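Reader: I should be grateful for a close look at a single helix of this protein, placed in the setting of the whole fold. Please treat the overall picture before the details.

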Amino acid sequence: MNDLKNEYCMHTATCGELRKDNVGSEVVLTGWAWHNRDHGGLIFVDLRDRDGYTQVVVDPDCVSADDFAKAEHLGREYVLKVTGKVRERGADAVNPNMATGDIEVLASAVEVLNESVTPPFAIEDGIETDETTRMKWRYLDIRRPEMLAALTLRHRVAQAMRQALNERGFLEIETPILANSTPEGARDYIVPSRPNPGKFYALPQSPQQFKQMLMMAGVERYYQIARCFRDEDLRADRQPEFTQVDIEMSFVEGDDVMNMMEGVMAETLDAIGVPHAFPLQRMPYAEAMDKYGCDRPDVRFGMLLHDITDIVKESGFKVFASVAQSGGVVKAINAKGAGDWSRGDVEKLASIAEANGAKGMAWVAFTTDGQEKSPIKKFFSDEEWAALKAEMDVEPGDLLLFAADKPEVANAVLSALRLHMAEALDVPREGHALLWVVDFPMFKYDEEEKKYSAEHHPFTHILEEDLDKIEDAPLECGSYSYDLVMDGFEVGGGTIRIHQADEQRRVLRRLGLTDEEIDEKFGHLIHALELGAPPHGGIALGLDRLVMLLAGKDSIRDVIAFPKTSSASDPMTGAPNAVTGRQLKEVNLRLL
C-alpha cells in the first residue's frame, strides 16, 4: 500500500490497491456504495473510490447489530467508512474483471458518513445518458471510472510534460489573464474595467505577446500550462476556454524547437505507456494539401488525393475540361471497397461535397463483378479512360470520387470525403500517428473581408528570401512555421517569431493596420523588438485535444472536468446568467 497516498485521511488503503499480498491486513476503506447484494444473510458491498473497487463482506457475526442494519439498508452512492480485514476469495469467487478481484474485506465496522438520494443516472461506464444531463450533474459523472480515468490521464500527461520541460531548463512563468484586445483570429471575451470607465480588458486567446516579451526580457526558456479564451462557434474539439502547453525559446531556429518538442513528446508518451517512433516525419504544407487536401492529415490510412487535371483537360466532360482550362484542378480519391454501393448511396455523398463548397460530385464505380458504372464515362476517350484507371490504381470493388474547382475547394471536398469514406468503410486506423507539417505560407486572402490575414499569426517570421515580397506579392511569402499533427488533428502549432521591429511593422501594415493602429495595439511589442530582441520561437500544444486523442474520446468535453456545452453554457451552474442592474452600473454598462 502507498503510505504517502493514505496519510492525513480517514482511510489506510484505497479501494483499488489491495491485492493478495495484503491478506491478513487490518484496513480502513472509504468510498461510495456502488452495488449491494444480500446473499443468505451476508451483505456484499462493492465499495468504490477514485482508485477502483473492493468487495466488502458484512457478516452479522463480525459486526454489531447496528452496523449490520446499516448495511442492509444501504442505498446507491451512500458514503461509507469500512474497517475490516483483507482475506483471499475462494477460487470460485475470484472476479477477474476487478483489479482487486482476488481479495475481499471482511468488515468489522461500517459507518455511514452520508446518505444519497437516488442519482439521476447510473454511476458506471457505458451509460446512454445524454451529454447535457451528464454535464448538469457533472460531479456525479466524474465519479464514473472512465471519466476519472480520462482526468487522471490528463494529469499524467501534464506532469510528464512539466518534468520534461523542467529538465530542459525551462522556467514555468504565469502571464496575465486580464490583457489588451488584439486581433489574433477569433473574437475576444471582453471584461469591463470598473476603475477605467468605457475601457475593457480582453481574456487572452493565447499568451503569445507576453511569452515573446519574456524572451526579450532574457528568460530564454519559458513554459506555462495556460488557460486561453476564444469567443468562437464550438464543435467537438473546441471550447470557449481551453488549456494549452505554451512554450517559447530564445536563440533558436525551427529545427531546434521541433527537435526539443519531439524529446518532450517522446518522454510524455513513454510515461503513459503509449508507443510511438521518433524522429517524426516532416511533411511540407504543399505536400499535405496536395495529397491529403488539408494541413492536418491523418496518415494512418491511404486513399490519397490524385491530381488528374492533365488527364481530363481535353476530355468531352465539359465540367472537368472547363475547370482544367481555367486554372482550376480536377482531383480524385479511390475508396476501395465501395464499388458495389448502390447509386443512391453514392449520390448521397454529394451533400458532403456541397457542404465543402462544391457544386456537385462526379463518381465512377468499378463493381466486383467487373462492371464500370458512371454517368460520366461516355465523355472520355479510351486513352483518357485507361490513363485515369492507371493513375488511380483501379481494381474491381473501387469507387472513384471527383472534385473539380479551385484548388482550395477541391482539396476541402476530397479531404472531407476521404475522412467520411474511411469511417463508412471502417478503414483500419490503429494506434497514433504524429508528424510535423512545415513551411506554411505566411499570408492568405480573405474573400469575405477582402483583405489579407496571417496563416498562423502576425508575429511569424517570413522566409528571408521572401521578405521583399511582403508588399507586392504577399501570397508568395513563405514562413518559418510548423504544426504538430496527430491522427488528423492539429495538436500543436508553432513558428519562429519576428524579432526585428521593421519586419513586424511591414507585416502588420500588409494585414491592413495603419501606423496609428499598430502603435495603439502593438506599440509595446514594437518597442520591445527595438530593444535587443533575440531570435526566438516556440509552440503551443492543445492539452485538451491531445488528451482526447490519447484517451480515445470523440470530444474534448470528455477530458475536461467542467466543460461548456456547444452553446457555451454550463448546465450545472447556469452560467452564463444575468447580472443585476447595480453590477452593470458599477462597470458603466447598460443593456440595449
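**One helix in its setting**

Author: Among contacts in this predicted model between residues at least 6 apart in sequence, 67% join residues at least 24 apart. The protein has 17 helices and 22 strands, and its C-alpha trace spans about 90 × 75 × 55 Å along the principal axes. Of the 592 residues, 48% are buried. The accessible surface comes to about 28800 Å², and carbon and sulfur atoms account for 49% of that area. As for charge, there are 65 positive and 101 negative charges, whose mean positions lie 4 Å apart.

Within this setting, helix H6 covers residues 254-271, 18 residues in total. From its first C-alpha to its last, H6 reaches 26 Å, close to the 26 Å expected at 1.5 Å a residue. The buried residues of H6 begin with Gly254, Val257 and Met258. They continue through Met260, Met261, Glu262, Gly263, Val264 and Met265, and end with Thr268 and Leu269. In general, an α-helix has 3.6 residues a turn, so residues three or four places apart point the same way. Just after H6, Gly273 adopts a positive phi of about 75°.

A word on the cysteines completes the account. The structure holds zero disulfides. Cys62 takes part in none, and the nearest cysteine sulfur, that of Cys15, is 19 Å away. Cys62 counts as partly exposed, at 33% relative accessibility, whereas Cys228 is buried, with a relative accessible area of 0%.

Methods
Residues numbered from 1 in each chain as written. Predicted model: local features only at pLDDT ≥ 70, side-chain atom pairs only at ≥ 80, totals over all residues. Heavy atoms only, no water. Helix = DSSP H or I, 4+ residues; strand = E, 2+ residues; numbered from the N terminus. Expected span 1.5 Å × (residues − 1). Buried < 20%, exposed > 50% of the residue type's maximum accessible area, 1.4 Å probe, protein only. Disulfide = S-S within 2.5 Å. Contact = heavy atoms within 4.5 Å. Areas by Shrake-Rupley, 256 points an atom, 1.4 Å probe, with all protein chains shown as cover. Lys, Arg positive; Asp, Glu negative; His and termini not counted. Charge placed at Lys NZ, Arg CZ, Asp CG, Glu CD.
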